[in-house]
Amino acid sequence: MNLHINDFEGPLDLLLHLVRTAKMDIYEIDTKYIIDKYLEFIDSIDKNDLDNASEYLVMAAELIHLKSRLLLNLEDEKSDEESEFSINSEEDLKNKLIEYERYQNVTNVLKELEEKRSEFFTKTPENLKEFGEVDNHLEGSMDADLLKDALVELQKRMMYQKPINTRITRKELSVEERKTYIRDFIGKRGKVKFTDLFEDYSKEMVVVTFLSILDMCKNSEIRLSQKENFGEILIEKV
């Protein structure tokens with residue numbers, strides 16, 4: 001928790017303010033003058049505030065200790081008692097103020113950058129492909145793998161449409177007869193779906209139709225196309 005007393009964020013902030021108010025160069029401050037001003041300020045503050053701000057009193061003790069050393073001209077001498085104090089010379093005080101001023105300058109720059117950054121709004125990048133028109137139309141010769149996939153899909157449909165009780169009748173189907181049917185069917189309707197060629201999804205019908213289409217593709221009688229991957233296969237006469 002940072003406790004603010006009269007708009008000061010700590011004892012170093014108060015000392016730096018006193019230096020600037022006196023219009024002194026931080027590298028050539030009048031140490032005794034600054035100490036006296038600090039102690040005067042501390043003495044003028046409400047004692048209830050100081051009870052909650054021990055760091056100000058600790059700094060006051062440091063400065064009183066330094067002032068006594070300056071008055072007795074003991075700045076260059078050292079003793080074991082001085083180990084409990086962090087400020088034992090004018091140089092120590094100046095270094096602390098210089099370091100604090102540097103941090104304060106950096107803080108001001110960061111605050112300014114933060115304020116500028118708050119004027120910008122960002123959005124997480126998104127994939128815009130879903131908003132564009134994608135043409136997956138595939139034309140030209142189709143290979144046997146696509147027909148195989150279509151056959152597998154038909155077999156799945158056969159499983160769903162299979163009745164619980166079946167009655168099997170033997171019916172002879174030939175590739176030539178099936179090719180004739182496909183030619184007539186396409187001739188009447190133009191472009192048709194692969195699945196439209198089946199009156200039923202019996203195993204014999206699927207196999208014969210599949211072989212007939214392969215043979216007609218091989219002989220360049222028909223053209224297969226697909227609008228998108230895994231989409232419906234369309235058949236038309238060449």
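This report walks through the fold, one helix contact and one pocket of a predicted model.

Residues are numbered from 1 along each chain as its sequence is written. In this predicted model, local features need pLDDT of at least 70 and side-chain atom pairs count only at pLDDT 80 or more, while totals for chains, interfaces and linings use all residues.

Let's start with the overall fold. The protein chain has eight helices and three strands, arranged along the sequence as α-α-α-α-α-α-α-β-α-β-β. Helices (H or I, at least four residues) and strands (E, at least two) are DSSP runs, numbered from the N terminus. Of its 238 residues, 30% count as buried, meaning under 20% relative accessible area with a 1.4 Å probe, protein chains only.

Next comes a pair of helices. The axes of α1 (residues 11–21) and α5 (residues 90–117) come within 10 Å and cross at roughly 95°. Axes are lines fitted to C-alpha atoms, for helices over the stretch in contact, with angles from 0 to 180 degrees between N-to-C directions. The two helices are therefore roughly perpendicular to each other, a label for angles of 65 to 115 degrees. Among the residues making the contact (heavy atoms within 4.5 Å) are Leu12 and Leu16 of α1 and Leu93 and Tyr100 of α5.

Finally, the second largest pocket holds about 330 Å³ of space. Helix α6 (residues 144–161) gives the largest share of its lining, six residues.

Here is how the residues divide by kind:

| Site | Nonpolar | Polar | Charged |
|---|---|---|---|
| Contact of α1 with α5 | seven residues | one residue | four residues |
| Lining of the second largest pocket | seven residues | four residues | four residues |

Ala, Val, Leu, Ile, Met, Phe, Trp, Tyr, Cys and Pro count as nonpolar, Asp, Glu, Lys and Arg as charged, and the others, Gly among them, as polar.

Definitions and conventions
Heavy atoms only, no water. Parallel < 35°, antiparallel > 145°, perpendicular 65-115°, else oblique. 1 Å grid on protein atoms, 1.4 Å probe; cavity = no way out; pocket = protein on both sides within 12 Å on 5 of 7 lines; lining within 4 Å. Points joined across faces, edges and corners; volume = space filled by probe spheres on them. Buried < 20%, exposed > 50% of the residue type's maximum accessible area, 1.4 Å probe, protein only.
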